Amino acid sequence: MNVEKISAITIKVNDMARSVHFYNRLLGLKVLYGGQNACFSSLPTLGAKDAILNLERGHVTAAWG
């Protein structure tokens, strides 16, 4: 099996406002969906064709992902 493309990566975050600030303001990714007050946000990655970075608010656990 060969992986040809990764279309999205989801990261679970404890603090959505800080995470969106980091990716949006400091790294320059645009918010496609959600935002600092949302439970789920999507941002396009830089330099990776059509890949999306998803942020999901919640407690990080070893059993997730």
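The face of α1 that points away from its buried side carries Arg 18, Arg 25 and Leu 26, which are exposed (over 50% relative accessible area; buried means under 20%, partly exposed in between, with a 1.4 Å probe and protein chains only). Helices (H or I, at least four residues) and strands (E, at least two) are DSSP runs, numbered from the N terminus. This is a predicted model, in which local features need pLDDT of at least 70 and side-chain atom pairs count only at pLDDT 80 or more, while totals for chains, interfaces and linings use all residues. Residues are numbered from 1 along each chain as its sequence is written, and side-chain values use heavy atoms, with hydrogens and water left out.

Turning to the other side of α1, the buried residues are Met 16, Ser 19, Val 20 and Tyr 23. Looking down the helix axis, these fall within an arc of 95°, so they line one face of α1 (the arc is that of the directions from the axis to the C-beta atoms). Their cover includes β1 (8–13), β2 (40–44) and β3.

Then there is the largest nonpolar core (buried Ala, Val, Leu, Ile, Met, Phe, Trp, Tyr and Cys residues joined through side-chain atoms within 4.5 Å). It has eight residues: Val 13, Met 16, Val 20, Tyr 23, Leu 29, Leu 43, Leu 53 and Leu 55. Two or more of these come from each of α1 (16–26) and β3 (52–57), with α1 giving the largest share, three residues. Setting aside neighbours within four places in sequence, Leu 55 has contacts (heavy atoms within 4.5 Å) that include Ile 11, Cys 39 and Phe 40.

Just after α1, Gly 28 takes a positive phi of about 85°.
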